[in-house]
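Biologist: I should like to learn how to read a model like this feature by feature, with the general idea before each case. Could we begin with the chain as a whole and work towards the finer details?

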Amino acid sequence: MRLMIPAMVAAATAATALAIATVPQAGKGQVASPVATVAVNPGSFDFRLPGEYLKADWPVDAPKQKVSFRRGFDMMKYQVSFGDYSACVDDGVCEAPDGMRQLAETPVTGVSYRDATAYAAWLSKKTGESWRLPTDEEWAFAAAERLQDDALGLPQDTANPAARWLARYAAEAGTETRDAEPKPRGHFGENSKGLADVAGNVWDWTTTCYRRATVDARGKITRSTENCGVRVLGGRHRSYMSHFIRDGKSGGCAAGLAPDNLGIRLIRDRPTFVSAVRQLWTRTMG
Amino acid sequence: MLTRREALLGTMTGAATAAFLTAAATTPASAREPAANVNDLPRERVNLVAPPFVHAHEQIASGGPRIVEFQLTVKEQPMVIDGDGTTMQAMTYNGSIPAPMMVVHEGDYVELTLINPETNEMPHNVDFHAATGALGGARLTEVNPGEQATLRFKATRAGTFVYHCAPAGMIPWHVVTGMSGTIMVLPREGLKDENGKPLKYDRIFYIGENEFYIPRDEAGKFKNFASLGESYDETLKAMRGLIPTHVVFNGKVGALTGDNALKANVGETVLFVHSQANRDTRPHLIGGHGDHVWELGKFHNPPAKDLETWFVRGGSAGAALYTFRQPGIYAYVNHNLIEAAELGATAHVMVEGEWDNDLMTQVSAPAPIASY
């Protein structure tokens, strides 16, 4: 997990920085408090790496790596609702979302990666807690049995590149609900970890960057290029979108299947001793 | 006082007599079919199939002219036209957008029964671009809710033709809310290339393209109307702006993608019939071509060859024949790419088969830029 470490450090640093700067303020936008979260317990799992992988110049399934979460984390039980997000819009911080047919209780849709991070920063400021987007690893771990392994398991057929395109298309088409209209939160039920609507018809932005890598004969990564202009989305099938895209359908490629909707589900970092003292200090002094 | 039904009947008799007299006076003897003989012709009743598929038919007619019976039932119903649940108060023939495709041969008689159930709100009719006279049959098929009428016309010209609803004063509204379909009149000897050599297809993909004009509320969201009548005023205003909110194949954004993607195999020949009753379009198969294209849809003109994109005029249907040579996912689009990607005019074709390295090969896979 060499590559995920910088991302996690960066996220943690950002969260700390936010926590330091935090002064809970009263504004127009009201936070529905407390935000319902689920404690995802420590554990480990075999994680299928995101991105595209080439072996001897031919596309292959991504390798798996064992990922451990020694501390566990707190994740929003429900996706951020249109009502929640609207409070940030009312505060003049977030931009109005693009999603159609939004009700207070449906997940907010039509939001980009930038919108998602702006909301996390706003919520952190509002609550004095540190909220951030999950990494793809965290999302996949929390998704539990609702995670769809995106390996195709095809015999490597170097004569026919179309075999993978067709298999990918068929696999993703098979997971379609044919109903992209956002549903009230809770509609898609809870997974075994108690998280609601995981892999429903709203995908979740993560901080993980798109990656293209080359693996050797044993499946070990020998070279890898990251493109952080494109981020991973967790959902019924793992997706990749440019960070400014708000509508998965129009952000998709000509001949592939795109997410139904793009939304937000955040993680709250558990306070460290230092941040807890700082928070107490800002509350007292602020 | 004449009832509406009697008035309609009277018109029909008059029109038929007039048409017969004109025909007798001006058309060559060979094309003049004595009306008395029509009733002796063999009849066939065809059950229509929902698009993008087409009922079973012969490509080369095995016998002489027939009377082919079809039935269309008008269904006024709300229909979801995109993935966001946007609902249009639609008017349809047989409940599908586009209406089903009919196939006959040149010289056959099309006998259409149009049924307008009592539960509907509007009068309807049908104008066949393939038919001659009476506004394409529209004057003779005008039915109010609770009525039905039967029209017979002779298919004298070979090609793909639009048919659509054309009620007085409301033609564009009926057409852009769903009432259009396609009839294909094949030459009796089947399709031919530019040198007269026979051409055959293994399957037809019938692509009906529609553009929709859905009114928006003050917040910019699409409006939902409780009934057809209530949707009329604002829909007409949106139509007059000439800027569609949706441009779709088969009645809905994504109707021909994902689980509903079209399927073919390498080596198979597909006839794409593309119909647009109201507005110009420019079909294109990404990664493929049109081997033989009747851009105008009329089979007695030699087909154009090797086209990249073809033009289908609003109010017409075109036909493009293509043999798949490479497996993969193809996107069949209206190559106004904004309409394809943003407004919905995209279909996918999943093509199975062996890859041809001679036609295409990836010489080097994406990798960091080499330094020289």
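Modeller: Burial is a useful opening, and since this is a predicted model, the figures are computed from predicted coordinates. A residue is taken as buried if 20 or more other C-beta atoms lie within 10 Å of its own, and buried residues make up 42% of the 286 residues in chain A. Chain A has seven helices and twelve strands. Among its contacts between residues at least 6 apart in sequence, 71% join residues at least 24 apart.

Biologist: How are the strands of the open sheet in chain A ordered, and in which sense do they pair?

Modeller: A sheet is read by following its strands from neighbour to neighbour. In chain A, four strands form an open sheet, ordered β1-β6-β12-β7, with antiparallel pairing. The edges are β1(A), residues 37-40, and β7(A), residues 130-132, each of which pairs on one side only. Neighbouring strands of this sheet are turned against each other by 35° on average, with direction ignored. To follow one pair in detail, take β1(A) and β6(A), residues 73-76, which are joined in the antiparallel sense over four bridges; here A:V38 has A:M75 in β6(A) as its bridge partner.

Biologist: Which strands stand at the edges of the six-stranded open sheet in chain B?

Modeller: That sheet runs β13-β12-β15-β19-β17-β18 in chain B, and its pairing is mixed. Its edges are β13(B), residues 246-249, and β18(B), and because each has a single partner strand, one side of each is left without a neighbour in the sheet. The twist from one strand to the next averages 25°. Within this sheet, β17(B), residues 290-294, and β19(B), residues 316-323, pair in the antiparallel sense over three bridges, and B:W294 is matched with B:A319 of β19(B) as its bridge partner.

Biologist: Turning to helices, what length does α5 of chain A reach, and which of its residues are buried?

Modeller: The general idea comes from the helical repeat: an α-helix has 3.6 residues a turn, so residues three or four places apart point the same way. Helix α5(A), residues 162-173, has twelve residues and reaches 16 Å from its first C-alpha to its last, close to the 16 Å expected at 1.5 Å a residue. Its buried residues are A:A163, A:Y169 and A:E172, and the buried residues of α5(A) pack against β20 and β21 of chain B.

Biologist: How many residues of each chain are in contact across the interface between chains A and B?

Modeller: The size of an interface is often given as the accessible area lost when the parts come together, but one can also count residues in contact. Here 25 residues of chain B are in contact with 24 residues of chain A. On the side of chain B that touches chain A, β20(B), residues 328-334, and β21(B), residues 346-352, each supply at least two residues, and the largest share, four residues, comes from β20(B). By class, that side of chain B has 13 nonpolar, six polar and six charged residues.

Biologist: What domains does the assignment give for chain B, and how many residues of each are in contact?

Modeller: The same kind of count can be applied within a chain. The domain assignment of chain B gives domain 1, residues 41-188, and domain 2, residues 203-352. Their centres, taken over C-alpha atoms, are separated by 19 Å, and 36 residues of domain 1 of chain B are in contact with 45 residues of domain 2 of chain B. On the domain 1 side of this contact, β8(B) gives the most, with five residues, and by class that side has 21 nonpolar, eleven polar and four charged residues.

Biologist: Finally, which peptide bonds in chain B are cis, and where do B:N94 and B:D306 lie?

Modeller: Here one reads the backbone angles omega and phi. A cis peptide bond joins B:P51 and B:P52, with omega about 15°, and B:P52 lies in the loop between β1 and β2 of chain B. The bond from B:I97 to B:P98 is also cis, with omega near 0°, and B:P98 is placed in the loop between β3 and β4 of chain B. B:N94, which lies in the loop between β3 and β4 of chain B, has a positive phi of about 65° although it is not a glycine; it counts as partly exposed, because it has 18 C-beta neighbours inside 10 Å. B:D306, found in strand β18(B), has a positive phi of about 60° and is likewise not a glycine; with 9 C-beta neighbours inside 10 Å, B:D306 counts as exposed.

Conventions:
Residues numbered from 1 in each chain as written. Chains lettered and ligands numbered in written order. Predicted model: local features only at pLDDT ≥ 70, side-chain atom pairs only at ≥ 80, totals over all residues. Buried ≥ 20, exposed ≤ 12 C-beta atoms within 10 Å, placed from the backbone. Contact = placed C-beta atoms within 7 Å. Pairing = 2+ DSSP bridges. Axes fitted to C-alpha atoms, helices over the stretch in contact; angles between N-to-C directions. Nonpolar A, V, L, I, M, F, W, Y, C, P; charged D, E, K, R; others polar. Domains from an automatic or database assignment. Expected span 1.5 Å × (residues − 1).
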